[in-house]
Amino acid sequence: RAQEQEYGTVSAADFQQAGFSERTVAQHFQLMEEGGLIVANLLDLPEHGGVQRGRLLRLTWQGQEFADAVQSASTWAKAKQKVMETGGSLTLHALRLAVEQIARTTLG
């Protein structure tokens, strides 16, 4: 979990043992950074197909809130169900809106 790691200690290469290529994880870091969830250090080589390596520096405020909200398996399941019921796709934006709405409902 990124929330528990020291600043800059999570590398895209750390996910290779789980079966993910460093490049794929780095590209996901890029997407999460573009979505406002993380701050990352990315090695982007357009002549070689884009982002090749990455290091997660930290979660943003929004990233912390999102990670906290989806930590609960029931909240995550409810959010996915809510998005799918509306005919939407599981985009980050749609999930964030659903998680926020569920959190507001839960908190009253």
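Me: Let me start with the strands in this model. In what sense do β2 and β3 pair, and over how many bridges?

Reply: This is a predicted model, and in it β2 and β3 pair in the antiparallel sense over 8 bridges. For a specific pair, look at L45, which stands opposite G50 in β3.

Me: What links β2 and β3, and which residue in the turn has a positive phi?

Reply: The two strands form a hairpin, with 4 residues between them. The residue to look for in the turn is G49, whose phi is positive at about 95°.

Me: How many strands form the sheet, and in what order do they come?

Reply: Read the order across the sheet rather than along the sequence. Here 3 strands form an open sheet, ordered β1-β3-β2, with antiparallel pairing. The edges are β1 (10-11) and β2, each of which pairs on one side only. On the β1 side, β1 and β3 pair in the antiparallel sense over 2 bridges. You can find both ends of that pairing by residue: V10 has L56 as its bridge partner in β3, and S11 stands opposite R55 in β3.

Me: Which helix packs on the sheet, and which strands are touched?

Reply: That is α1, which touches β1, β2 and β3. The direction of α1 makes about 55° with that of β3.

Me: Why is β3 said to be largely enclosed by the rest of the structure?

Reply: Count buried residues, meaning those under 20% relative accessible area. In β3, 7 of the 10 residues are buried, so the strand is largely enclosed by the rest of the structure.

Me: What comes between β3 and α2, and is T60 there buried or exposed?

Reply: A loop lies between β3 and α2, and T60 is in it. T60 is buried, with a relative accessible area of 14%. The T60 side chain reaches the backbone nitrogen of G63 at 3.0 Å. Leaving aside neighbours within four places in sequence, T60 is in contact with G36, L37, I38 and V39.

Me: Moving on to α2, which residues are buried, and where on the helix do they fall?

Reply: The buried residues in α2 are G63, F66, A69 and V70. Look down the axis of α2: these residues fall within an arc of 130°, so they line one face of the helix.

Me: Which residues of the largest nonpolar core touch the most other members?

Reply: This core has 21 residues, and F29, I38, F66, A79 and V99 are the ones that touch the most other members. The elements giving two or more residues to the core are α1 (22-34), β2 (38-45), β3 (50-59), α2 (61-70), α3 (73-85) and α4 (92-107). The largest share, 5 residues, comes from α4.

Me: Which residues is V99 in contact with, beyond its neighbours within four places in sequence?

Reply: With those neighbours set aside, V99 is in contact with F66, A69, V70, T75 and A79.

Me: And E100: where is it found, and how far is it from A69?

Reply: E100 is found in helix α4. Compare sequence separation with distance in space: E100 and A69 are 31 residues apart in sequence, yet 7.8 Å apart in space, C-alpha to C-alpha. As for accessibility, E100 is partly exposed, with a relative accessible area of 39%.

Methods:
Residues numbered from 1 in each chain as written. Predicted model: local features only at pLDDT ≥ 70, side-chain atom pairs only at ≥ 80, totals over all residues. Heavy atoms only, no water. Core = buried A, V, L, I, M, F, W, Y, C linked by side-chain atoms within 4.5 Å. Buried < 20%, exposed > 50% of the residue type's maximum accessible area, 1.4 Å probe, protein only. Contact = heavy atoms within 4.5 Å. Pairing = 2+ DSSP bridges. Axes fitted to C-alpha atoms, helices over the stretch in contact; angles between N-to-C directions. Polar contact = N/O pair within 3.5 Å; in protein donor to acceptor, adjacent residues only side chain to side chain. Arc of directions from axis to C-beta.
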